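User: Hello! I am new to this structure and would like to get to know it. Could you walk me through it?

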Amino acid sequence: MKQILLINDLAGYGKVATAAMLPILSYMGHPVYNLPTALVSNTLDYGKFNILDTTDYVKGVFPVWKDLGFSFDAIATGFIASMRQADIISAYCREQAKNGTTIFVDPIMGDEGKLYNGVAEDTIRSMREMVAVAHLVFPNYTEACFLTDTPYHKEGCSEAEAWAMIDKLRDLGTRAALVTSITVDGQSSVAGYSPTSGEYFRLPYTEIPVHFPGTGDMFSAILIGCLLNGTALKDATRAAIDGLSKLIEKNKDNADKNRGIPIENCLHLIPITNEL
């Protein structure tokens, strides 16, 4: 059992971010704690929403936790509300990493070649700050392009271009990197690099033509849960791909997809050991 802190936004309506990740990681056997970077009224897919930036709250939490002696085996960061918040959180992560905490960073910014609703341009600089303290970063293709100043192509890229993008992510400071939702040589894939094996790898998958918010968060939670259970990065990535595919397939006919996948009803589809 590894204690993990989720630093991500919290939506009041919809299974995304913390609300999507916490049940999965708990089901996989890990005590989960959370620190909301923002309070969001509902998933952004509804088009109208209200967001409360919690930076002042976050700043006040870390000294209290330090005085109380709280520590975590791993920290997973997601949505960061501002550059000021990124500075505060990255400093905390850097301090914890010195004490052996593993830092996972999902640089949530956008998809399909553009930033999400409500995400400002300076978020790119904020996320580069987070990548610099990461042991593992896993942007989608759009986010990887923003982070590395690489042109986005709707048709994707070649394998050599995928490896070059991963190298640019590593140049920002992360030890290991994945790029999710990337089309490589015409095939939907997750591309990655593991410093443990020294291997670049590409794992193809069949895309299910339906959209749910929060699927990236669920992928992240399964990935992190498997890694904390001792699974190697490539195998953990495969488990996350397959687990997410099962979740989407089961829920593809849901009437209101903007709510995200009702994860509590689907936990039996999540792998909970390192036996893949």
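User: Which residues lie nearest the centre of the second largest pocket?

Analyst: Happy to help, and please keep in mind that this is a predicted model. The lining of this pocket is made up of 20 residues. Those nearest the centre of the second largest pocket are Thr102, Phe104, Thr196, Leu227 and Leu233.

User: How many residues of that lining are nonpolar, polar and charged?

Analyst: Strand 5 (102–105), strand 11, helix 7 (215–228) and helix 8 (233–251) each give at least two residues to the lining of the second largest pocket. The space inside the pocket comes to about 450 Å³. By type, the lining residues divide into nine nonpolar, six polar and five charged.

User: Which strands are the edge strands of the sheet?

Analyst: Nine strands form an open sheet with mixed pairing, in the order 3-2-1-4-5-8-9-10-11. An edge strand here pairs on one side only. That description fits strand 3 (51–53) and strand 11 (199–204).

User: Which residue stands opposite Ile51 of strand 3?

Analyst: Strand 3 pairs with strand 2 (residues 32–40) in the antiparallel sense, over three bridges. Opposite Ile51 stands Val40.

User: Is Leu44 buried, partly exposed or exposed?

Analyst: Leu44 sits in the loop between strand 2 and strand 3. Leaving aside neighbours within four places in sequence, Leu44 is in contact with Phe49, Tyr116 and Asn117. Buried would need under 20% relative accessible area and exposed over 50%. Because its relative accessibility is 25%, Leu44 counts as partly exposed.

Note on methods
Residues are numbered from 1 along each chain as its sequence is written. This is a predicted model: local features need pLDDT of at least 70, side-chain atom pairs count only at pLDDT 80 or more; totals for chains, interfaces and linings use all residues. Side-chain values use heavy atoms; hydrogens and water are left out. Two strands pair if DSSP finds at least two bridges between them. Helices (H or I, at least four residues) and strands (E, at least two) are DSSP runs, numbered from the N terminus. Buried means under 20% relative accessible area, exposed over 50%, partly exposed in between (1.4 Å probe, protein chains only). Contact means heavy atoms within 4.5 Å. On a 1 Å grid over the protein atoms alone, a cavity is a set of points where a 1.4 Å probe fits but cannot get out, and a pocket is an open set with protein on both sides within 12 Å along at least five of seven lines; lining residues have an atom within 4 Å of a point. Grid points are joined across faces, edges and corners, and a volume is the space filled by probe spheres set on the points. Ala, Val, Leu, Ile, Met, Phe, Trp, Tyr, Cys and Pro count as nonpolar, Asp, Glu, Lys and Arg as charged, and the others, Gly among them, as polar.
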